[in-house]
Amino acid sequence: MVMEAIPFVLVGVLISGLIQAFVTEKWISRIVPNNRFLSSLFGCGIGVLFPSCECGIVPITRRLILKGMPLHAGIAFMLTGPIINPIVLFATYIAFGNDWRMVAIRGGMAIAVAFCVSIAISFFFPKLPFKQQYAPVAATIEPSLQHAPAPKMPVSARIHEVITHAIDEFFSVGKYLVAGAFIAASLQTFVPTSTLLHLGSNPITASLIMILLAFVISLCSEADAFIASSFRSTFGVGALSAFLVFGPMIDIKNTLMLLGTYRTKFVLVLIGLVTVFTLIGSLIVGRIAG
């Protein structure tokens, strides 16, 4: 798990470093809509531009929010980014035997779940729920200096800043990745998958079992479709969609990363919202597909 995830964490922290060095708060405020519904849709859509899995999406999201992106828009991006990017969608297409239907179900349900969670977050958390070490830089600057133009830096200095920031971010996030992978591997070793599969006798319990499996197995989103396709003879489309959507949004690895960045209450509410909306979406998909 660690070897599979580290390349994507590296991509994530490098993108985070580029955002830190080259993206300004003014640019973020200009491109993100002010309306909460439009900004949530914006957050859901930009994931297609960032080929990062859930292992690398947390530091990117954190940096965007610290740069001024609304919390709910950042969460929408964090939830959809590991699913709707072209690499993951193409892997899903291949894993399900060149079936565009599953690609559409996965992408559409991911956007729907992320949008609903994002809107709920915008009402529940009007203030940023970061831990103290991740307080926005603007909060530590004197009001008279907050709007002063930043001095221009040469490109070489910005590249150095990118590298330095990426290194710091990698070790900050990496310890949670290793701990999460260890817990996930332990659960896979000691909890028989067959025990969970026997509980999937109806649509609700089947979706809940697949949500639990997605959380426990903690696969990278580029690979989870191949595992999901192996359950086609056991579970219906609704339960499979729950696995394909919930896993990239919330698993053991990124839960620990989230706990290292956000307050515990926020993380628990986020997991609860994703679980509820994923379950509802899977039941709707199962009813339509059935």
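Which helices each supply at least two residues of the nonpolar patch? Keep that in mind as you look over this predicted model.

1. Let's start with the outside. L18, F22, V155, I159, I163, I167 and F171 make a nonpolar surface patch of about 680 Å². As for the opening question, α1 (2–22) and α8 (155–190) each supply at least two of the patch residues. The biggest giver is α8, with five residues.

2. Now pick one patch member, I159, which you'll find in helix α8. Is I159 buried, partly exposed or exposed? Its relative accessible area is 44%, and partly exposed covers the range between 20% and 50%, so I159 counts as partly exposed.

3. On to the rings. Searching the whole structure turns up eight aromatic pairs. One of them is F130 with Y262: the ring centres lie 5.0 Å apart and the planes meet at 20 degrees. Planes under 30 degrees apart count as stacked, so that is the label for this pair.

4. Have a look at where those two partners come from. F130 is in the loop between α7 (100–124) and α8, while Y262 is in the loop between α13 (252–261) and α14 (264–289). They are 132 residues apart, so the pair links distant parts of the chain. Both F130 and Y262 are buried.

5. The pair also has company: F125, F130, Y262 and F266 form one aromatic cluster.

6. One last ring to check is F123. The charged end of R36 sits over the F123 ring, 4.1 Å from the ring's centre.

Key. Residues are numbered from 1 along each chain as its sequence is written. This is a predicted model: local features need pLDDT of at least 70, side-chain atom pairs count only at pLDDT 80 or more; totals for chains, interfaces and linings use all residues. Side-chain values use heavy atoms; hydrogens and water are left out. Patches are made of residues with over 30% relative accessible area and no salt bridge: like charges are joined within 9 Å, nonpolar side chains (Val, Leu, Ile, Met, Phe, Trp, Tyr) within 5 Å. Accessible areas come from the Shrake-Rupley method with a 1.4 Å probe; for residues, only the protein chains shown count as cover. A salt bridge is a side-chain nitrogen of Lys or Arg within 4 Å of a carboxyl oxygen of Asp or Glu. Helices (H or I, at least four residues) and strands (E, at least two) are DSSP runs, numbered from the N terminus. Buried means under 20% relative accessible area, exposed over 50%, partly exposed in between (1.4 Å probe, protein chains only). Rings of Phe, Tyr and Trp (its six-membered ring) pair if their centres lie within 6.5 Å; planes under 30 degrees apart count as stacked, over 60 as edge-to-face and the rest as tilted. A charge sits over a ring if NZ of Lys or CZ of Arg is within 6 Å of the ring centre and within 35 degrees of the ring normal.
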